[in-house]
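Me: I am new to this structure and would like to be guided through it slowly. Please begin with the whole, and then give one part a close look.

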Amino acid sequence: TRLGGRVLIVDQLGSIDPLRSLEMDRFLRLRDPAHQRLLPDADIRGYLDANDLVLVSSEVTRERAHLEDAPYDVEIGWYVARKPLPS
């Protein structure tokens, strides 16, 4: 984004447990073969910081999703970040 611009990211979050995250990624590839991997909250925040974006607000919500007839719980991360103006 340009200086002063804002970015909205909304995505399902991955687990900080690498084995659970691998399991969830395999599960999601059944629905979408192009799926690569879910990122945990800390990774998303790290990518924002690494790209000089300042987190303005964030929220993590829990939702129930369904794949065919199999329900599962997911965490959805909502992030608003901005590119600061030069001082």
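Among contacts in the protein between residues at least 6 apart in sequence, what percentage join residues at least 24 apart? And, for the close look, how many salt bridges does the structure hold?

Reply: Please keep in mind throughout that this is a predicted model. Among the contacts between residues at least 6 apart in sequence, 62% join residues that are at least 24 apart. The elements behind this picture are two helices and three strands, and, read along the sequence, they follow the pattern β-α-α-β-β. The radius of gyration of the protein is 15 Å, well over the 12 Å that the globule rule gives for 87 residues, so the protein is more spread out than a compact globule. Along its principal axes, the C-alpha trace spans about 50 × 20 × 20 Å, and 25% of the 87 residues count as buried.

Now to the part you asked about: the structure holds four salt bridges, and three of them can be followed here residue by residue. As a general point, side chains of opposite charge can pair when their charged atoms come close.

One of these pairs belongs to helix 2, which covers residues 41-50, and its partners, D41 and R45, are four residues apart, about one turn of the helix. Their side chains meet in a salt bridge with an N to O distance of 2.8 Å. D41 is partly exposed, with a relative accessible area of 23%, and R45 is likewise partly exposed, at 34%.

Another pair links R37 and D43, whose side chains meet in a salt bridge at 3.9 Å, again taken from N to O. The cut-off for a salt bridge is 4 Å, so the 3.9 Å of this pair falls within that limit. R37 has a relative accessible area of 46%, which makes it partly exposed, and D43 also counts as partly exposed, at 29% relative accessibility.

A further pair brings two strands into the account, since the side chains of E75 and R62 meet in a salt bridge of 3.2 Å, N to O. E75 lies in strand 3 and R62 in strand 2 (residues 54-67), so the pair ties together parts that are 13 residues apart in sequence. The two partners fall into separate accessibility classes: E75 is partly exposed, with a relative accessible area of 31%, while R62, at 58%, counts as exposed.

Between helix 2 and strand 2, two elements already met above, runs a loop in which D52 has its place. D52 has a positive phi of about 55° although it is not a glycine, and D52 is exposed, with a relative accessible area of 53%.

Strand 3, which carries E75, also contributes to the largest pocket, because strand 3 (70-82) and helix 1 (18-31) each supply at least two residues of its lining. Helix 1 gives the largest share, with four residues. The lining has 13 residues in total, and those nearest the centre of the pocket are L13, S15, R20, M24 and D73. By class, five of the lining residues are nonpolar, three are polar and five are charged, and the space in this pocket comes to about 270 Å³.

How values were computed. Residues are numbered from 1 along each chain as its sequence is written. This is a predicted model: local features need pLDDT of at least 70, side-chain atom pairs count only at pLDDT 80 or more; totals for chains, interfaces and linings use all residues. Side-chain values use heavy atoms; hydrogens and water are left out. On a 1 Å grid over the protein atoms alone, a cavity is a set of points where a 1.4 Å probe fits but cannot get out, and a pocket is an open set with protein on both sides within 12 Å along at least five of seven lines; lining residues have an atom within 4 Å of a point. Grid points are joined across faces, edges and corners, and a volume is the space filled by probe spheres set on the points. Ala, Val, Leu, Ile, Met, Phe, Trp, Tyr, Cys and Pro count as nonpolar, Asp, Glu, Lys and Arg as charged, and the others, Gly among them, as polar. Buried means under 20% relative accessible area, exposed over 50%, partly exposed in between (1.4 Å probe, protein chains only). The radius of gyration is taken over C-alpha atoms; the globule rule is 2.2 Å times the number of residues to the power 0.38. Contact means heavy atoms within 4.5 Å.
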